[in-house]
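Hello,

Here is the structure I promised to pass on to you. Have a look at it first, and then read my notes below.

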Amino acid sequence: MNWEIRAGGAAEAASCMDVYVDAVRNGTAGHYTPAQALAWAPTEAVEDWLPPRLAAGTTWIAWSATRAEGFLTVTPAGHLDFFFVRPEARASGLAAALYAHLMTWADAQGHDHLTTDASHLARSFLEKRGWRMIAGETAIRHGVALKRWRMDWQRPSETSGVAT
């Protein structure tokens with residue numbers, strides 16, 4: 001799969017919503033029930049909460065020749081707000097490529113600490129990259145409980161390199 005990652009925002013809300021719905025409804029089996037996935041992504045229409053959050057953060061969108069394949073949004077404070085990749089793109093390296101943009105951004109912004117509220121899939125991906133789970137929590141979406149994890153990443157401290 002070939003893609004190009006570009007900066008995006010609220011103007012691409014429909015494309016981001018399409019990725020979000022696909023990732024949630026078709027990519028969370030084994031972690032969330034069909035009822036939970038439907039509560040999490042109840043409509044294919046752009047929901048009112050999405051454009052302002054895309055506009056408020058820094059967003060990168062991965063585009064194939066025909067559509068958006070994934071996107072990631074981080075707030076100015078360093079909170080990873082959105083991180084979604086279409087199910088068929090998961091093994092392609094796309095998530096890692098989007099994540100690399102996040103880490104380059106964190107370096108450029110001087111962020112030594114990032115946070116997120118992670119799903120089962122995001123938690124696994126992030127833990128492999130040094131993020132730690134702070135606490136499990138239950139979010140309620142459209143009356144349905146969804147398990148997620150509050151997580152953070154701390155830049156590793158520099159060591160002096162001097163052996164004692």
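Let me start with a question you can try on screen: leaving aside its neighbours within four places in sequence, which residues is Val 21 in contact with? The contacts are Asn 26, Ala 41, Thr 43 and Glu 44. Please keep in mind as you look that this is a predicted model.

Val 21 is a good place to begin. This residue lies in helix H1, and its relative accessible area is 8%, so Val 21 counts as buried, the cut-off being under 20%. If you want a sense of scale, compare its position with Ala 118: the two are 97 residues apart in sequence, and their C-alpha atoms are 16 Å apart in space.

Stay in helix H1, which covers residues 13-27, and you will find Ala 14 there too. Ala 14 has 54% relative accessibility and therefore counts as exposed, since that label needs over 50%. From Ala 14 to Arg 90 there are 76 residues in sequence and 21 Å in space, C-alpha to C-alpha.

Now for the whole protein. There are five helices and seven strands. Starting at the N terminus, you meet them in the order β-α-α-α-β-β-β-α-β-α-β-β. The radius of gyration is 16 Å, close to the 15 Å that the globule rule gives for 164 residues, so the protein is as compact as a globular protein of that length. Along the principal axes, the C-alpha atoms fill a box of roughly 60 × 35 × 30 Å.

What about the inside and the surface? Of the 164 residues, 43% are buried. The protein exposes about 8500 Å², and carbon and sulfur atoms supply 53% of that area. As for charge, you can count 15 positive and 17 negative side chains, with the centres of the two sets 5 Å apart. The fold also brings together distant parts of the sequence: among contacts between residues at least 6 apart, 63% join residues at least 24 apart.

The largest nonpolar core holds 47 residues. Those with the most contacts inside this core are Tyr 20, Phe 71, Phe 83, Phe 84, Leu 102 and Trp 131. Try clicking on Phe 71: beyond its neighbours within four places in sequence, its contacts include Cys 16, Val 19, Tyr 20, Leu 54 and Trp 60. Phe 82, Phe 83 and Phe 84 are also among them.

Next, go to strand S4, residues 79-85, where you will find Asp 81. Is Asp 81 buried or exposed? Its relative accessible area is 19%, so Asp 81 is buried under the 20% cut-off. Not counting residues up to four places away in sequence, Asp 81 touches Arg 53, Thr 73, Val 74 and Thr 75.

Last, look at strand S6, residues 132-141, which contains Ile 140. With 59% relative accessibility, Ile 140 counts as exposed. Ile 140 and Cys 16 are 124 residues apart in sequence, with 22 Å between their C-alpha atoms. The loop between S6 and strand S7 (144-154) holds His 142, which is exposed at 52% relative accessibility. Its phi is near 50 degrees, a positive value in a residue other than glycine. Most residues other than glycine have a negative phi.

Enjoy exploring, and send me any questions.

Best wishes

Methods
Residues are numbered from 1 along each chain as its sequence is written. This is a predicted model: local features need pLDDT of at least 70, side-chain atom pairs count only at pLDDT 80 or more; totals for chains, interfaces and linings use all residues. Side-chain values use heavy atoms; hydrogens and water are left out. Helices (H or I, at least four residues) and strands (E, at least two) are DSSP runs, numbered from the N terminus. The radius of gyration is taken over C-alpha atoms; the globule rule is 2.2 Å times the number of residues to the power 0.38. Buried means under 20% relative accessible area, exposed over 50%, partly exposed in between (1.4 Å probe, protein chains only). Contact means heavy atoms within 4.5 Å. Accessible areas come from the Shrake-Rupley method with a 1.4 Å probe; for residues, only the protein chains shown count as cover. Lys and Arg count as positive and Asp and Glu as negative; His and the chain ends are not counted. The place of a charge is taken as NZ of Lys, CZ of Arg, CG of Asp or CD of Glu. A nonpolar core is a set of buried Ala, Val, Leu, Ile, Met, Phe, Trp, Tyr and Cys residues joined through side-chain atoms within 4.5 Å.
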